[in-house]
Amino acid sequence: MSTVSENIRNLRMMRGISQKQLGTTLHKSANAISNWEKGFTSPDVEILETICNVLEVTPNQIYGWDPCPELEEFISRKKEILDQMDDLIRQRAELDDKIRAYSDELRRKSKKK
């Protein structure tokens with residue numbers, strides 16, 4: 001089950017809203033939004049309805065008590081993309097190693113001449 005902080009972050013990202021934009025709409029600083037998303041603080045109950053309206057979800061969905069299929073799909077797709085990025089990073093590291101080894105081999109061969 002996702003936490004409120006994770007849900008706010010993922011819902012905000014899913015809607016294409018920056019922390020600054022959400023903060024402006026809610027009359028909060030981007031730093032306040034960041035603190036919510038990191039779990040350092042939580043939004044006040046008084047602002048919850050506005051957050052839900054902006055993010056187009058119910059309070060129960062923000063808290064993870066009710067399913068939010070759109071959010072679940074977003075999180076699943078985000079995970080797939082992050083896994084693909086990890087794979088690409090690993091492949092790049094392998095290619096860098098091969099290039100380094102080939103360069104070393106060329107240097108050794110040129111020294112022998």
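Which residue's side chain meets that of Arg77 in a salt bridge? Select Arg77 and Glu80 to see the pair: their side chains are joined by a salt bridge, with 3.0 Å from N to O. The model on screen is predicted, and the tour returns to this pair after a look at the whole chain.

**Whole chain**

Show the protein chain as a cartoon. Six helices and zero strands appear, and from the N terminus on the order of elements reads α-α-α-α-α-α. Now switch to the C-alpha trace and turn the view along the principal axes, where the trace spans about 80 × 30 × 20 Å. The radius of gyration of the protein chain is 22 Å, whereas a compact globule of 113 residues would have one near 13 Å.

Colour by relative accessibility next. Of the 113 residues in the chain, 24% count as buried. With the surface turned on, the accessible area comes to about 8200 Å², and carbon and sulfur atoms account for 53% of that area. For a contact map, take the pairs at least 6 apart in sequence: 54% of these contacts join residues at least 24 apart.

**Helix H6, starting at Arg77**

Select residues 69-112, which make up helix H6. Go back to Arg77 and Glu80 within this helix. The two residues are three apart in sequence, and therefore about one helical turn separates them. Check the surface around each partner: Arg77 has 38% relative accessibility and counts as partly exposed, and Glu80, at 39%, is also classed as partly exposed.

**Further along H6: a linked set**

Select Asp87, Arg90 and Glu94 together. These residues are linked in a network of salt bridges. Which residue takes part in a salt bridge with Asp87? The partner is Arg90, and the distance from N to O is 2.4 Å. Asp87 and Arg90 sit three residues apart in helix H6, so about one helical turn lies between them.

Keep Arg90 selected and move to Glu94. The side chains of Glu94 and Arg90 form a salt bridge as well, at 2.7 Å from N to O. Here the spacing is four residues, again within helix H6 and about one turn of the helix.

Accessibility for the members of this network can be read off in turn:

- Asp87 is partly exposed, at 31% relative accessibility.
- Arg90 is partly exposed, at 42%.
- Glu94 is partly exposed, with a relative accessible area of 38%.

To look for other pairs, run a salt-bridge search over the whole structure, which finds 10.

**Helix H5: Gln61**

Move to residues 59-62, helix H5, and select Gln61 there. Is Gln61 buried or exposed? Gln61 has 17% relative accessibility and counts as buried, because the cut-off for buried is under 20%.

Display the side chain of Gln61 and the backbone of Thr58. A polar atom of that side chain lies 2.9 Å from the backbone nitrogen of Thr58. Then expand the selection around Gln61, leaving out its neighbours within four places in sequence. The residues in contact with Gln61 are then Asn7, Asp66, Pro67 and Cys68.

**Last view**

Finish with two selections shown together: the network of Asp87, Arg90 and Glu94, and Gln61 in helix H5. Asp87 in the network is partly exposed, while Gln61 is buried.

Conventions
Residues are numbered from 1 along each chain as its sequence is written. This is a predicted model: local features need pLDDT of at least 70, side-chain atom pairs count only at pLDDT 80 or more; totals for chains, interfaces and linings use all residues. Side-chain values use heavy atoms; hydrogens and water are left out. A salt bridge is a side-chain nitrogen of Lys or Arg within 4 Å of a carboxyl oxygen of Asp or Glu. Buried means under 20% relative accessible area, exposed over 50%, partly exposed in between (1.4 Å probe, protein chains only). A polar contact is a pair of N or O atoms within 3.5 Å; within protein, one must be able to donate a hydrogen and the other to accept it, and residues adjacent in sequence count only if both atoms are side-chain atoms. Contact means heavy atoms within 4.5 Å. The radius of gyration is taken over C-alpha atoms; the globule rule is 2.2 Å times the number of residues to the power 0.38. Accessible areas come from the Shrake-Rupley method with a 1.4 Å probe; for residues, only the protein chains shown count as cover.
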